[in-house]
Amino acid sequence: MRLGINLGYWGAGMDADNLAVAQEADRLGYSVCWAAEAYGSDAPTVLAWVAAQTERIDVGSAIFQIPARTPAMTAMTAATLDTLSKGRFRLGLGVSGPQVSEGWYGVRFDKPLARTREYVEIVRKAMSRERLTHSGEHWTLPLPDGPGKPLKLTVHPVRERIPLYIAAIGPKNLEQTGEIADGALLIFFAPEHAEETTLGALRAGREKAGLTMEGFDVAPTVPLALGDDIDALADTFRPYTALYVGGMGSRKQNFYNRLARRMGYEKEAAEIQDRYLSGDKEGAAAAVPRQLIDSTTLLGSVERIADRMRAYAAAGVTTLSLAPAGFTLEERIAALRAGVEALERSGAAS
């Protein structure tokens, strides 16, 4: 198992610290640095900034939002970032959610699985520098009734095949991700529930494509907090968990709420959502089970974190991407270093 670092969103007031965290992760031997986007900072600008000021660490999008860009634009951006970083770019894609897709981008959140499959097909074809033609439900290239002609990418990526990841939560999306991608970007991953919530579906997709899990990157992002008071550390993640389980999406369409239910928290997930959507965010946070937080984060001493890392490795995780908690740069750097020490103690490093 390798370690990654997830910087999350840029523009939250800690941008200089984020760069320092990425540079320290590079120095410590972390394998990849991910950046996110929603409706604030965009990921490719951040990744170019980080790549220019690091030496060895890969930079990856977690994620580029599919409704934000045409597939050809994504291929151009991926090829450019791979070239500028000298072969250190990883392309992570995801459909985002209906609120962002329709509210921010004006793109209908319909048929997300079919749209993702088609998008990946076009991106791969463009990055392979074939002349780009495609006839599908969502995209037709070139348009048949105008002057467009099949074009091919003029940039030569450093690598023949840029690693492609998909952010997946639901069973059908996970299965398709196993079938068409090189890795899966995961959130709220609990080793104790890995098979029934995640790995079984990924494995089914790999088998559908005639492949095994060998070489497929299982890459969850896991918050990490260092300290002795486990209860207090868990409490710091209550608002974060409540936001996703309770308020990320609508009552009818919240992927994280469904995931919590699949993990056995049916009653609790319903209460968290009811409280959050009624405006009681504090009540929603209080309703988050301590065990749900503990099973989806890394909390405590280096020894305790090392023990949990063994569980992640045993569950099939190949890249454990850390989101180090802390209000100061010193706290986040300390968490980064603790992550390396814990991995070494766990014996799970690859």
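Strand 9 (183-187) and helix 7 (194-208) are a good place to start, for each of them supplies at least two residues to the lining of the largest cavity. Please keep in mind that this is a predicted model. The volume of this largest cavity is about 80 Å³. Around it you will find A168, I169, L174, L186, I187, F188, F189, A190, T197, T198, L259 and M263. Sorted by class, the lining of the largest cavity comes to 10 nonpolar and 2 polar residues, with no charged ones.

In total, the structure holds 3 cavities of 30 Å³ or more. How are such spaces found? Rolling a probe the size of a water molecule over the atoms shows where empty space is left. The second largest cavity has a volume of about 50 Å³. P67, V95, S101, V107, R108, F109, D110, P112 and R115 form its lining. Charged residues do appear here: the lining of the second largest cavity divides into 5 nonpolar, 1 polar and 3 charged residues.

From the cavities we can move on to a pocket. The second largest pocket has a volume of about 320 Å³. Its lining is made up of 15 residues, and those nearest the centre of the pocket are A72, L132, L151, K152 and L153. Which element gives the most to this lining? It is helix 3, with 4 residues. By class, the lining of the second largest pocket has 11 nonpolar, 2 polar and 2 charged residues.

Now let us look at the aromatic rings. A pair of aromatic rings is described by the distance of the centres and the angle of the planes. Across the whole structure, a search finds 11 aromatic pairs. One of them joins W34 and Y165: the ring centres are 5.2 Å apart and the planes stand at 80°, so this pair is edge-to-face. The two partners come from distant parts of the chain, with W34 in strand 2 (residues 32-35) and Y165 in strand 8, 131 residues apart. Are these two rings buried or exposed? W34 has a relative accessible area of 1%, so it is buried, and Y165 also counts as buried because its relative accessibility is 4%.

A second pair has another setting. Y39 and W104 form a tilted aromatic pair, with 6.0 Å from centre to centre and 50° between the planes. Y39 belongs to the loop between strand 2 and helix 2 (43-52), while W104 belongs to the loop between helix 4 and helix 5, so the pair ties together parts that are 65 residues apart in sequence. Y39 counts as exposed, with 55% relative accessibility, and W104 counts as exposed too, at 53%.

Ring pairs can also build up into a group. F188, Y240, Y244 and Y256 are linked by ring pairs into a cluster. F188 is a residue you have already met, as one of those lining the largest cavity. A ring can have a charged neighbour as well: R69 lies over the face of F64, at 4.6 Å from the ring centre.

The backbone has some points of interest of its own, beginning with two cis peptide bonds. The bond from A62 to I63 is cis, with omega near 20°. I63 sits in the loop between strand 3 (58-61) and strand 4 (64-65). The bond from L141 to P142 is cis as well, and here omega is near -10°. You can find P142 in the loop between strand 7 (140-141) and strand 8 (164-167). Strand 8 is also the home of Y165, the partner of W34.

Two lysines round off the tour. Although K86 is not a glycine, it has a positive phi of about 60°. Its place is the loop between helix 3 (71-84) and strand 5 (89-94). Is K86 buried or exposed? K86 is exposed, with a relative accessible area of 69%. K111 is not a glycine either, yet its phi is positive at about 45°. K111 lies in the loop between helix 4 (98-103) and helix 5 (112-127). With a relative accessible area of 47%, K111 is partly exposed. That loop between helix 4 and helix 5 also holds W104, the partner of Y39.

Notes:
Residues numbered from 1 in each chain as written. Predicted model: local features only at pLDDT ≥ 70, side-chain atom pairs only at ≥ 80, totals over all residues. Heavy atoms only, no water. Buried < 20%, exposed > 50% of the residue type's maximum accessible area, 1.4 Å probe, protein only. Phe/Tyr/Trp six-rings, centres within 6.5 Å; stacked < 30°, edge-to-face > 60°. Lys NZ or Arg CZ within 6 Å of the ring centre and 35° of its normal. 1 Å grid on protein atoms, 1.4 Å probe; cavity = no way out; pocket = protein on both sides within 12 Å on 5 of 7 lines; lining within 4 Å. Points joined across faces, edges and corners; volume = space filled by probe spheres on them. Nonpolar A, V, L, I, M, F, W, Y, C, P; charged D, E, K, R; others polar.
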